[in-house]
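User: I would like to go through this structure with a few short questions. Please reason briefly and finish each reply on the value or name requested.

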Amino acid sequence: MPSYRIDIKPAAYALILVVICLATFVAHLETVDPGLMEARNFVTAREMVQHGTWLIPSMDGQVRVAKPPLPTWLTALSRILAGDPDSMFTMRIPAALSAILMVLFFFGLCVELTGRNYTVAFLSAAILATNVLVIQMARTNSWDIFSQSFMVAALLFFVRGVTRKQNAGLHFLGFGVAMGLSVLSKGPAAFYAPLFPFGIAYLWIYGFQGAWRVKGLILGAIIVCGLIGLLWPVPVYLKYPEIARAVYESEVRARMTTLHGNPWYYYLNFPYIAGLWIILFAAAFALPYMSRRLKNLSVYSLGAIWLIGTVVLLSVLPEKKERYLIPIGFPMSLIIGQVAYALMERFRQGKDTRTDRVILLLHSCLSASLAAGLPLLLFFLRYTG
C-alpha cells in the first residue's frame, strides 16, 4: 500500500504563531487606559448597541461618519456576545484578533513569496508579531490594525492568484473581498501602503507577465472591492450629503496640509520599530556580507524595494503619524526573517564566521538586556510614577 506523508510544518508553525500573538496581543489587554481615538470608537459602539445606529453611527447622539464603521461594528458585536458592555478586554478583543489574523496572513504571504520555505515564513511572521508598533496597535482598538490586516490578506490572495493556475478565480475573489473590507475599515489608506509599494516591488522583481495573464480576474477583483467598499459610503451620502462632503473635505485637508504635518525626514527613524531585532535589521543592509549568505536574493530584493517604496510614499505626504508606520513592519519583518534564517543555516552547517558570531552576540546581549531591564522599568514606573 502507498504511504502518505503529511507535512505538519504549516500547522505547527501557525499554532506557535498564535501562542506568540496571544502573549503579545491579548495578555493583560485591559490594563492600559483608552486614548481619545479609542474612546470615540467605544462610545460609537455603545450607541450602536443601545440605539441601533448601525448604518449611520453616532457619538453622544450626533451623527459621526468620519471613519468607516467595520471596526466599530466588530466592537459592538463583541460587546453583545460577551454580555459585558463595560469590559475593556471585551472591547479590545476584535483588534487583537484582527492582529492575530494579520500575522497568520503574513505567514501565508511569506510562504508564497519564499517558495514554501516555512522556516523563513515562520521567522518573518514571528518577528512581525513582536514588532513594537504592531503590538501597540493590536492592544488598542484603532482602525489601522483592521485595515492593515485585511490588506495583508489581499496581498496573500493576489500572489496566490498570480502564481497558481488552479482556483485563480477564487483567489482573486478573495483579493477583491479583502480589499473591500479594508476600505470599510479605514477607507483607501491601505491602498497607498502597503498595497501600492508591494505591487511595485512584486512587478519589478517578477515582471508583468504573470499579472497580465490574469488581468481580467484582477479587474473583476477591483469591481468586487468597489462594490463592497461603497456599501456604506453611498447610503451615508444619500441621507446626509452635506455631512459626507464635509468629512471628505476634512480628510483631504488633513492628508495634504500641515494640520498634522511633519518634515519629510520624520519617518527616517523607522528602524526603531524593529525593537529587539534591530541588530539583524542593520546586518541585512551590509550587502557584501549578506549576499554570500542569502539563498533567495529575489525575495530579499523584493523586501528591500517594498521597504524603500513604503518609506518614500509615506514621507511625501504632509500628514505623518507614528501609527502610519505599520506598513513598514511587513517588508522589515520579511528582510529580518531571511537574515535570521541565513544565520541559523551558517551555524547549523558549522560555517559560521567571526562576523556571524559578533552579530549573534550583539543580538543576544540586546535581547537579554531588554528581558531583564523592561520588567524593572515597568515596576519602577508603576510604583514611583
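User: In which helix is Pro-194 found?

Analyst: This is a predicted model. In it, a cis peptide bond joins Ala-193 and Pro-194, with omega at about 20 degrees. Most peptide bonds are trans. The helix that holds Pro-194 covers residues 189–206 and is H9.

User: How many helices and strands are there in the chain?

Analyst: Two of the elements are strand S1 (58–59) and strand S2 (62–63), with a loop between them. The full tally for the chain is two strands and 18 helices.

User: What is the radius of gyration of the chain, and what does the globule rule give for 385 residues?

Analyst: The C-alpha trace spans about 65 × 65 × 55 Å along its principal axes. For 385 residues the globule rule gives 21 Å, and the chain comes close to that, so it is as compact as a globular protein of that length. The radius of gyration of the chain is 22 Å, against 21 Å from the rule.

User: Is helix H7 largely enclosed by the rest of the structure or largely exposed, and how many of its residues are buried?

Analyst: Helix H7 runs over residues 143–163 and reaches 31 Å from its first C-alpha to its last, close to the 30 Å expected at 1.5 Å a residue. A residue counts as buried under 20% relative accessible area. H7 is largely enclosed by the rest of the structure, because its buried residues number 18 of 21.

User: What share of the residues of the whole chain counts as buried?

Analyst: The accessible surface of the chain comes to about 19200 Å², and carbon and sulfur atoms hold 69% of that area. Of the 385 residues, the buried share is 46%.

User: Which loop holds His-28, and is His-28 buried or exposed?

Analyst: His-28 has a positive phi of about 55 degrees although it is not a glycine. Most residues other than glycine have a negative phi. His-28 lies in the loop between helix H1 (9–26) and helix H2 (36–51). Its relative accessibility is 58%, so His-28 counts as exposed.

User: What is the relative accessible area of Asp-60?

Analyst: Asp-60 is not a glycine, yet it has a positive phi of about 55 degrees. Asp-60 is found in the loop between strands S1 and S2. The cut-off for exposed is over 50%. Asp-60 is exposed, and its relative accessible area is 59%.

User: How far apart are the mean positions of the positive and negative charges of the chain?

Analyst: The chain has 32 positive and 18 negative charges. The distance between their mean positions is 11 Å.

Terms used: Residues numbered from 1 in each chain as written. Predicted model: local features only at pLDDT ≥ 70, side-chain atom pairs only at ≥ 80, totals over all residues. Heavy atoms only, no water. Helix = DSSP H or I, 4+ residues; strand = E, 2+ residues; numbered from the N terminus. Rg over C-alpha atoms; globule rule 2.2 N^0.38 Å. Buried < 20%, exposed > 50% of the residue type's maximum accessible area, 1.4 Å probe, protein only. Areas by Shrake-Rupley, 256 points an atom, 1.4 Å probe, with all protein chains shown as cover. Lys, Arg positive; Asp, Glu negative; His and termini not counted. Charge placed at Lys NZ, Arg CZ, Asp CG, Glu CD. Expected span 1.5 Å × (residues − 1).
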